Amino acid sequence: MPLPQKIGFIGTGAITDAMVRGLLAEPAAVPHVMVSQRSADISARLAADFPAVLVSGDNQAIVDGCDMVVLAIRPQIAEEVIRPLRFRDGQAVISVIAATGRSALLDWIGADVRLSQAIPLPFVARRKGVTAVYPPDADTGAVFNVLGNAVECETKAEYDLLAAVSALMATYFGIMHRATEWLADNGLPEEKGRAYLAPLFSSLSETALLADKGTDFIALSHEFATKGGLNEQVFQDFDRKGGTDALKQALDRVLNRITGSA
């Protein structure tokens, strides 16, 4: 499906930067992008790097001039930024605003727009991202399929669950860091630990991506764990000494924050 000809971004933070860079990487996926002047350093760098980027100090001009508008504003100021804007009925709008419900967004927008919510991650800058989208929308799906791939959620509950597990990113790197610290404590220089662990984890992720559909992650865990071997021992220690319970409890707490149940 062809992408919208002009995509506008209201709010110019890290996620806008990543999305624009992904959309305009060679070969560019869209001919025109407008970004708001807010976060002047980021908008100026985007304009310098990509002739297709137009910086505007007028958010209404972005709404008026674009087929699709991406709302990438901090939740603390979202309402005051969005309410004064006049959107067109039927206009495609993507919200990447964290912890902000669909009903509140539609109330602030005040028009019958095609609103999708999405959780793009920084990897979209390299067109490697996986992005949760709710509800399914052809234009929104097309954008995020260019930036990696879209996982379209049929229900808000599905979307909230994917938002919760997105909070595992810091833990992923934290595990690598703790392992690097352990290596250093036992005499291996940190740079050697990083040089070993980063490709190791990358290869494991690639194995999961290339596995046959329907292959459970626990099956891969067993595949990499010889009976009575070292990998089995570490996973059993993690599981039996509270690691699995701590992980599930942390995800429960994040989901409660997302759904407002906390």
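Partly exposed, in these legends, means a relative accessible area between the buried range, under 20%, and the exposed range, over 50%. With 37% relative accessible area, Phe 235 therefore lands in that middle class. Everything shown below comes from a predicted model.

**View 1. A stacked ring pair in helix H11.** Phe 235 and Phe 238 form a stacked aromatic pair, with 6.5 Å from centre to centre and 25° between the planes. The two residues sit three places apart in H11 (residues 230-240), so about one helical turn separates them. In general, an α-helix has 3.6 residues a turn, so residues three or four places apart point the same way. Phe 238 is partly exposed at 39% relative accessibility, and Phe 235 is partly exposed too, at 37%.

**View 2. Helix H9 and its buried side.** H9 takes in residues 190-210, which makes 21 residues. From first C-alpha to last, H9 reaches 30 Å, close to the 30 Å expected at 1.5 Å a residue. Which residues of H9 are buried? They are Gly 193, Leu 197 and Phe 201. These three cover an arc of only 40° around the axis, which puts them on the same side of H9. What they pack against is helix H8 (169-185). Turn to the face pointing away from that buried side and you meet exposed residues: Lys 192, Ala 195, Tyr 196, Leu 209 and Leu 210.

**View 3. Rings where H8 and H9 come together.** Searching the whole structure turns up four aromatic pairs. One of them joins Tyr 172 and Phe 201, whose ring centres are 5.5 Å apart with planes at 85°, so this pair is edge-to-face. Tyr 172 belongs to H8 and Phe 201 to H9, so to speak two distant parts of the chain, 29 residues apart, linked by the pair. Tyr 172 is partly exposed, at 31% relative accessible area, whereas Phe 201 is one of the buried residues of H9. Add Phe 173 and you have one aromatic cluster made of Tyr 172, Phe 173 and Phe 201.

**View 4. Helix H5 and its neighbours.** Leu 105, Trp 108 and Ile 109 are the buried residues of H5 (residues 102-109). Looking down the axis, they fall within an arc of 100°, so they line one face of the helix. Their packing partners are strand E4 (68-71), helix H4 (78-82), strand E5 (92-95) and strand E6 (114-119). Just after H5 comes Gly 110, with a positive phi of about 70°.

**View 5. Thr 12 in its loop.** Thr 12 sits in the loop between strand E1 (6-10) and helix H1 (14-24). Is Thr 12 buried or exposed? At 2% relative accessibility, Thr 12 counts as buried. A polar atom of its side chain lies 3.2 Å from the backbone oxygen of Arg 38. Leaving aside residues up to four places away in sequence, Thr 12 touches Val 35, Ser 36, Arg 38, Ser 39, Ile 42, Ser 43 and Leu 46.

**View 6. Leu 3, ahead of the first strand label.** Leu 3 is in the segment before E1 and is buried, at 14% relative accessible area. Among the residues Leu 3 touches, sequence neighbours up to four places away not counted, are Leu 23, Ala 29 and Val 30, plus Ala 142, Val 143 and Val 146. Gln 236 is another story: from Leu 3 to Gln 236 it's 233 residues in sequence and 48 Å in space, C-alpha to C-alpha.

**View 7. Backbone oddities in the loops.** Where are the cis peptide bonds shown here? One joins Glu 26 and Pro 27, with omega about -5°, and Pro 27 is in the loop between H1 and strand E2 (32-36). Another joins Tyr 134 and Pro 135, with omega about -15°, and Pro 135 lies in the loop between strand E7 (129-134) and helix H6 (138-146). For positive phi outside glycine, check Ala 99, at about 50°, in the loop between E5 and H5. Ala 99 is exposed, at 78% relative accessibility. Arg 127 also has a positive phi, near 55°, and lies in the loop between E6 and E7. Arg 127 is partly exposed, with 24% relative accessible area.

**View 8. Two buried cysteines.** Cys 66 is buried, with a relative accessible area of 1%, and Cys 153 is buried as well, also listed at 1%. How many disulfides are there? With sulfur atoms required to be within 2.5 Å, the count is zero.

How values were computed:
Residues numbered from 1 in each chain as written. Predicted model: local features only at pLDDT ≥ 70, side-chain atom pairs only at ≥ 80, totals over all residues. Heavy atoms only, no water. Helix = DSSP H or I, 4+ residues; strand = E, 2+ residues; numbered from the N terminus. Expected span 1.5 Å × (residues − 1). Buried < 20%, exposed > 50% of the residue type's maximum accessible area, 1.4 Å probe, protein only. Arc of directions from axis to C-beta. Contact = heavy atoms within 4.5 Å. Phe/Tyr/Trp six-rings, centres within 6.5 Å; stacked < 30°, edge-to-face > 60°. Polar contact = N/O pair within 3.5 Å; in protein donor to acceptor, adjacent residues only side chain to side chain.
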